[in-house]
Amino acid sequence: MTKDVEVAEKGSFSGKDYVEPPPVPLVDPHELTKWSFYRAVIAEFIATLLFLYITVLTVIGYKRQTDLDADGGDQCGGVGILGIAWAFGGMIFVLVYCTAGISGGHINPAVTFGLFLARKVSLIRALMYMVAQCLGAICGVGLVKAFQQPYYKRYGGGANELADGYSKGTGLAAEIIGTFVLVYTVFSATDPKRNARDSHVPVLAPLPIGFAVFMVHLATIPITGTGINPARSLGAAVIYNQDKAWDDHWLFWVGPFIGAAIAAFYHQFILRAGAVKALGSFRSNA
């Protein structure tokens, strides 16, 4: 069985069986001269547009099918919360699979922020990705409104809102923990050390990431409608543009960014760095 490290005669470490990418520069102006950079930004824009189009359309369709005041409305009809969660998780699975080799498949400013803190993307790339994601989300919801004009505002436009009966603290905690689960899964699924250790087991990174989104939606749809993606929340709020959508909108930025920061710190500085130090101390003493 391969080992993470080989021990030399004097207790030093060498011969890793995986390649750890070096931290990217904080600011890399050379990226602006490469077509691959702009191709990645375009991929993030289109992916987020498609993500919002399919998911918000699903939400509005479900509300229309279960509206008892509408013709043909059935309280037990529609896809239900389970179906909505599958729409979000399934689209993330599909879109991350399609764009991972081009842009990394972020499709979420919180994911981009977490990877930036871990020095896996530069500041320029992170900012451009976030702008592209937000614009893509706005355009995606704009398409939904265009195709569902009779029902769009009637059924809330798919906007994230803090549900009645929940405090702002509860909503913020739900967004922090939900985003932590997502970003922690992203780090774990794309960890080069894990991929080397489990090379005999094919691990498709988009699959656990999509499942993480699915599970978080099941838990938090009744609380906040599940943001965990500031672009998703912004796109719906901009197009819907009603007071209730903006009243607690800060929750859907502050919560995800805090959750992403905690996940980046936990994975990079506790799991990864802490594990290496503990292994080195144990073998040195031995």
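These legends go with a set of close-up views of a predicted model.

**View 1. The whole chain, from one end to the other.**
Start by getting your bearings: the chain has ten helices and two strands. Follow the sequence and you meet the pattern β-β-α-α-α-α-α-α-α-α-α-α, so the two strands come before the helices, given how these elements are numbered from the N terminus. There are 286 residues here, and 46% of them count as buried. Now think about who touches whom. If you take contacts between residues at least 6 apart in sequence, 78% of them join residues at least 24 apart. As for the outside, the accessible surface comes to about 14300 Å², and carbon and sulfur atoms account for 65% of that.

**View 2. A nonpolar patch on the surface.**
Here's a spot where nonpolar side chains make a surface patch of about 850 Å². Its members are Ile81, Leu82, Trp86, Tyr97, Leu204, Leu207, Phe211, Met215 and Leu218. Two elements each give two or more residues to the patch: helix α2 (80–99) and helix α7 (206–224). Pick out Leu207, which sits in helix α7. Is Leu207 buried, exposed or partly exposed? Its relative accessibility is 40%, so Leu207 counts as partly exposed, because that class runs between the 20% and 50% cut-offs.

**View 3. Thr179 and its neighbours.**
Next, zoom in on helix α5 (residues 168–189), where you'll find Thr179. How does this residue compare with the cut-off for being buried? Thr179 has a relative accessible area of 0%, so it is buried; the cut-off is under 20%. Which residues does Thr179 touch, leaving aside those up to four places away in sequence? They are Ala110, Ile228, Gly255, Pro256, Gly259 and Ala260.

**View 4. The largest pocket and its lining.**
Finally, have a look at some empty space. Rolling a probe the size of a water molecule over the atoms shows where such space is left. The largest pocket holds about 920 Å³. Its lining is made up of 44 residues, and those nearest the centre are Leu115, Lys120, Val186, Phe187 and Thr190. Several elements give two or more residues to this lining: α2, α3 (109–117), α5, α7 and α10 (251–285). Which element gives the most to the lining? That would be α10, with six residues. You've met some of these helices already: α2 and α7 also give residues to the nonpolar patch, and α5 is where Thr179 is found.

Notes. Residues are numbered from 1 along each chain as its sequence is written. This is a predicted model: local features need pLDDT of at least 70, side-chain atom pairs count only at pLDDT 80 or more; totals for chains, interfaces and linings use all residues. Side-chain values use heavy atoms; hydrogens and water are left out. Helices (H or I, at least four residues) and strands (E, at least two) are DSSP runs, numbered from the N terminus. Buried means under 20% relative accessible area, exposed over 50%, partly exposed in between (1.4 Å probe, protein chains only). Contact means heavy atoms within 4.5 Å. Accessible areas come from the Shrake-Rupley method with a 1.4 Å probe; for residues, only the protein chains shown count as cover. Patches are made of residues with over 30% relative accessible area and no salt bridge: like charges are joined within 9 Å, nonpolar side chains (Val, Leu, Ile, Met, Phe, Trp, Tyr) within 5 Å. A salt bridge is a side-chain nitrogen of Lys or Arg within 4 Å of a carboxyl oxygen of Asp or Glu. On a 1 Å grid over the protein atoms alone, a cavity is a set of points where a 1.4 Å probe fits but cannot get out, and a pocket is an open set with protein on both sides within 12 Å along at least five of seven lines; lining residues have an atom within 4 Å of a point. Grid points are joined across faces, edges and corners, and a volume is the space filled by probe spheres set on the points.
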